[in-house]
Every structure is written in C-alpha cells, then in structure tokens.
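Student: I should like to learn how the features of a model are read, one at a time. May we begin with a helix?

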Amino acid sequence: MHGFANPKRFLGLARWLTPLLLLSGVSLSAGALFWGLTQVPPDRLMGETVRILFIHVPSAWLGMGGWTAIAVSSLVFLVWRHPLAAIAARAAAVPGLVFTAICLITGSIWGRPTWGTWWVWDGRLTSMLVLAFLYFAYIALAQTAKREAVSQRIPAIFGLLGAINIPIINRSVVWWNSLHQPPSITMGNSAIDTEFLVPLLVAVLGFSFIFGGVMLARMRTLLAILQADARLRRRAMEAV
Amino acid sequence: MREALDQWDFVAAAYATGIIGTLAMVAWSWFAMKRAESLRERIRRK
C-alpha cells in the first residue's frame, strides 16, 4: 500500500486504470439502467417509480462512500504524512458531491409521486443535505489551504470530523420516525426481490467504477498541476 | 378535479438528472486531466 504513495508508481498504475474504470463503469451503468427501464416489472406499491431507485440508491451509497474516502485518506495523511493521501482526499470530494446532489434530486423526484411531497425535513433527507454542505465546505477549505499555502492538515482534520455524519445518515431511519423506508439491504440480508436486486447491484458496481475512474482522473489532474508548479518555481529560483 | 400524475414523467426526469450529471462529471474530469497533463509536459520540455 505504501508503495503506491510514490507518485511515479501511482501514475504508472493510474494511466491504464483510469480509462478502464471509466469505460467499464459507463458500460455497466448504462446496461443496468436500460435493464431497470425495460426488463423490471412495476412495483406493487411504488409502481413505475421503482425504476428511479437504480440511480438513487447507487448515488446515495457513493455520496457517503465519497466522504468515507475523504476521511480514510485524511487519516492516512495525518498519520503517515503521505502527500498522495491529501491529493486522494481532495480528488474524492467532487465525485462525492456530484453523487450526493444526484441522490438528493432523484430522491425528491421520487418523493413527489410516492409520498405526495418533494421534500420533508426528516432525519435521512436532512442529514444527506448536511453532507452536501460538508462537501462544499471541504472543497472551499482545501482550495483555500492550497492557494494560501496553509497546512493541508486543516482540511484533513475537517474531513475526519465530517465523517461523524456518515453513521448518522446510515442510522437516521432507525433512530427517528421517517417517511423514508428503513434499510432494505443489510449485511447478508435483503428485503428486495431478486428481480430488482440484481440490476440494482450491477448499477452500484457500474457507478462505483465511474467514481473510481473520476477519482483517479482528479488525482492525476491535481498531481500534474503540483508538478508543473514545482518545476516553474524551481526554474524561477535558478534564474535568480 | 385533480389530474393523475404520470409516473413515467418522474422516471424520465430522474434518469435525465442522473445520466447528464454523471456524464458531465466524467467528461469534465477527463478533459481537465488531459489539459493539466499536457501543460506539465509543455513545461517539462521547455
């Protein structure tokens, strides 16, 4: 694991893994969404809107997964001081925010015909909205830290503290009364019929590959900018 | 009298949001990466 903290070794791996993850992710997700649209029957209670779950559920998991990646990378950065871990944390923020936003919007679209309202201020929806604001704050903090040449430890500590919201989102439907249904998929158990579960898991896998590909692309972008800046600075120092 | 909601309209809106959002993010991150890496190579060659 420590070996991949070397930027050269990381780039050697990321060069072929980025397009592979993106292409396989887009193909798998497109297949799962087409499957969900055309092959899955309408649900007894939700009707046709059950198909929205093939986008909503992967987005929700990846919204939370994104912050988990920020927290783990931040911890690695704080403990072992790997600069690549700070880059990984920053790279996870944009896909995490995009999937959180997709989760909130598609959830709202699903709520209107199912619950009769676009939004309720209950535990699950509110904690997910808080996650979106945490992403905005983290991105702003990380950019400011870089621009002002402040220690990267500040966004890393924020990334760790923000992880408190992840178990709150996960347990919100158990702790508080909610319009949102309780967890349908738990470790080793599922309340969802196989007809819905299989395309849902394929969609989760596909969107996870896309998340991984985008995260690697963002890491390569941030690393290239850092390397270009360092070279320009070195040249300026030599010219003095 | 209230008109019944067509559930397919909501399905289409959710799919459009998810697909457009995801593809826009993939395209943006890919082209930003290519731009940054070509800038680094240009500086390296100078």
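Tutor: Certainly; this is a predicted model. The span of a helix can be checked against its number of residues. Helix 1 of chain B (residues 7-45) has 39 residues and, at 1.5 Å a residue, should span 57 Å; its end C-alpha atoms are 57 Å apart, so the two values agree.

Student: Which residues of helix 1 of chain B are buried?

Tutor: Burial is read from the number of C-beta neighbours. Along helix 1 of chain B, the buried residues are B:Phe10, B:Val11, B:Ala14, B:Thr17, B:Gly18, B:Thr22, B:Met25, B:Ser29, B:Met33, B:Ala36 and B:Arg40.

Student: Against which helices of chain A do the buried residues of helix 1 of chain B pack?

Tutor: They pack against helix 2 (53-80), helix 3 (83-115) and helix 7 (194-239) of chain A.

Student: How many residues of chain A are in contact with chain B?

Tutor: The general idea comes with a caution about size. The size of an interface is often given as the accessible area lost when the parts come together. Here the description is by residue contacts: 32 residues of chain A are in contact with 24 residues of chain B. On the side of chain A that touches chain B, the elements giving two or more residues are helix 1 (7-38), helix 2, helix 3 and helix 7 of chain A. Helix 7 of chain A supplies the largest share of that side, 12 residues. By class, the side of chain A that touches chain B has 20 nonpolar, 6 polar and 6 charged residues.

Student: What pattern does chain A follow along the sequence?

Tutor: Chain A contains 7 helices and 2 strands, and their order along the sequence is α-α-α-α-α-α-β-β-α. Its C-alpha atoms fill a box of roughly 75 × 35 × 30 Å along the principal axes. Of the 240 residues of chain A, 40% count as buried. Among contacts in chain A with a separation of 6 or more, 76% are between residues 24 or more positions apart.

Student: How is a single residue read, and where is A:Leu141 found?

Tutor: One locates the residue, then considers its surroundings. A:Leu141 is found in helix 4 (residues 123-147) of chain A. A:Leu141 counts as partly exposed because it has 18 C-beta neighbours inside 10 Å, whereas a buried residue has 20 or more. Leaving aside neighbours within four places in sequence, A:Leu141 is in contact with A:Ile154, A:Pro155 and A:Phe158.

Student: How many residues apart in sequence are A:Leu141 and A:Gly213?

Tutor: A:Leu141 and A:Gly213 are 72 residues apart in sequence, and their C-alpha atoms are 24 Å apart in space.

Key: Residues are numbered from 1 along each chain as its sequence is written. Chains are lettered from A and ligands numbered from 1 in the order in which they are written. This is a predicted model: local features need pLDDT of at least 70, side-chain atom pairs count only at pLDDT 80 or more; totals for chains, interfaces and linings use all residues. Helices (H or I, at least four residues) and strands (E, at least two) are DSSP runs, numbered from the N terminus. The expected span of a helix is 1.5 Å times one less than its number of residues. A residue is buried if 20 or more other C-beta atoms lie within 10 Å of its own, exposed if 12 or fewer, and partly exposed in between; C-beta atoms are placed from the backbone. Two residues are in contact if their C-beta atoms, placed from the backbone, lie within 7 Å. Ala, Val, Leu, Ile, Met, Phe, Trp, Tyr, Cys and Pro count as nonpolar, Asp, Glu, Lys and Arg as charged, and the others, Gly among them, as polar.
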